[in-house]
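Here's a quick tour of a few side chains worth a look. Have the model open as you read.

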Amino acid sequence: MEFSGAGFGMAGKPDFWISQGPTAHPAHVAFAASDRAAVDAFHKAAVAAGGLDNGAPGLRKEYHPTYYGAFHDLDGNNFEAVCHKPN
């Protein structure tokens, strides 16, 4: 995957990615989750806090076979929790 931006994390594994895009586009912030249960908990907490569901927890095989993520819209920006591990 080609990506222009920066990834921050520990032990050579980025878990926070950020990039700058055109100002007309909202931000997309993704956080790596330790497991699928953490993605599910993120989704539940975001909905409880008033976030708009932009994609319930589930596999996103268009990215790769074990990409499990959930997306939320907060103030026009997309926030995601994702786990790359198999179930």
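R36 is buried (under 20% relative accessible area with a 1.4 Å probe, protein chains only), yet this arginine makes no salt bridge (a side-chain nitrogen of Lys or Arg within 4 Å of a carboxyl oxygen of Asp or Glu). Its nearest oppositely charged side chain, D40, sits 8.1 Å away. R36 belongs to helix α1, residues 36-48. Setting aside neighbours within four places in sequence, R36 is in contact (heavy atoms within 4.5 Å) with residues including L59, Y68 and C83.

A word on the source: this is a predicted model, where local features need pLDDT of at least 70 and side-chain atom pairs pLDDT 80 or more, while totals for chains, interfaces and linings use all residues. Numbering runs from 1 along each chain as its sequence is written, and side-chain values use heavy atoms, with hydrogens and water left out.

Y68 and C83 also turn up in the largest nonpolar core, alongside A33, V39, A70 and A81. Such a core joins buried nonpolar residues through side-chain atoms within 4.5 Å. Strands β5 (68-74) and β6 (77-83) each supply at least two of its residues. V39 touches A33, Y68, A70, A81 and C83, among others, not counting residues up to four places away.

Then there's one aromatic pair. The ring centres of Y63 and Y67 are 4.6 Å apart (the limit is 6.5 Å), and with planes at 50° the pair counts as tilted, because stacked means under 30 degrees and edge-to-face over 60. How do the two differ in exposure?

| Residue | Relative accessible area | Class |
|---|---|---|
| Y63 | 48% | partly exposed (between 20% and 50%) |
| Y67 | 11% | buried |

Terms used. Rings of Phe, Tyr and Trp (its six-membered ring) pair if their centres lie within 6.5 Å; planes under 30 degrees apart count as stacked, over 60 as edge-to-face and the rest as tilted. Helices (H or I, at least four residues) and strands (E, at least two) are DSSP runs, numbered from the N terminus. Lys and Arg count as positive and Asp and Glu as negative; His and the chain ends are not counted.
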